[in-house]
Amino acid sequence: SAVREMRAVPISGAEMRKSDDSLNFVGHPAVFNQKTWIGPKRWGFWEEVDPGFFRDVLDDDAAFLVNHDPSILLARNGKTMSLATDATGLVSDAEWDSADPDAVMWAGRVARGDITQMSFSFTVSEENWYEDEDGTETRTLLTCERLYDVSLVTYPAYDGTDGAMRKSAEEVVKRHRGDLITAAEKRSRDGQEQQLSTPNLLVVRHRMNARKHGLPL
């Protein structure tokens, strides 16, 4: 099954307009043809979004969230949000309810510049890989299978440091290369696991003496 992934980009050129009954937010949660490094340095890869990536999902039941949290729902595609693409990337045009305290709070944080990142959550149905001159690989996202949400994010999640993001990157690499990690990292992990599985001799000796003298373990 497809791996659900998340990517973040800096907010640039976003507009926040206020009326009596709504807060209108327009921004780019995804940018085309911009390379981003995904995963740890040892086995990660470059990634970029093709301009046609979102062509099949602009009508998906996608939500506008904060930090990908479904309990903070600010708008919904086809009702209070529309999705489109332009030369830059995916465009979300959302109307937040000005009577909603969450909407007012997050609009203020965007206006102050406290929130500087947007993100989107997705699965991929078509991708392309090619090797660069320096030996690193670039993954091009060609066709989106499903768009789950677009989101404001307090901290962008990067696959090299965030646990969930790293796991999704491992799944992508496993599907493409047939392995999860390099041989060097595997040897390191195997050594750590062996060290953890080796009994502590002092503990074993203590237990043997306790059993010998009828003492509690």
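**Close-up views of aromatic rings in a predicted model**

**View 1. Arg109 and the ring of Trp106.** In this predicted model, Arg109 is placed over the face of Trp106, at 4.7 Å from the ring centre.

**View 2. Arg4 and the ring of Tyr148.** Here the charged residue is Arg4, which lies over the face of Tyr148. The distance from the ring centre is 3.8 Å.

**View 3. The aromatic pair of Phe53 and Phe54.** In the predicted model, rings count as a pair if their centres lie within 6.5 Å, and by this rule there are 10 aromatic pairs. Phe53 and Phe54 form one such pair, with 4.9 Å centre to centre and 75 degrees between the planes. The arrangement of Phe53 and Phe54 is edge-to-face, because planes over 60 degrees apart are classed in this way. Phe53 has 0% relative accessibility and therefore counts as buried. Phe54 likewise has 0% relative accessibility, so Phe54 counts as buried.

**View 4. The aromatic pair of Phe54 and Phe120.** Phe54 also forms an edge-to-face pair with Phe120, at 5.4 Å centre to centre and with 70 degrees between the planes. Phe54 belongs to the loop between strand S5 (45–49) and strand S6 (63–66), whereas Phe120 belongs to strand S10 (residues 117–131); the pair therefore ties together parts that are 66 residues apart in sequence. Both Phe54 and Phe120 are buried.

**View 5. A cluster of phenylalanine rings.** Phe32, Phe53, Phe54, Phe120 and Phe122 are linked into a cluster by ring pairs. Among these links are the pair of Phe53 with Phe54 and the pair of Phe54 with Phe120.

How values were computed. Residues numbered from 1 in each chain as written. Predicted model: local features only at pLDDT ≥ 70, side-chain atom pairs only at ≥ 80, totals over all residues. Heavy atoms only, no water. Phe/Tyr/Trp six-rings, centres within 6.5 Å; stacked < 30°, edge-to-face > 60°. Buried < 20%, exposed > 50% of the residue type's maximum accessible area, 1.4 Å probe, protein only. Helix = DSSP H or I, 4+ residues; strand = E, 2+ residues; numbered from the N terminus. Lys NZ or Arg CZ within 6 Å of the ring centre and 35° of its normal.
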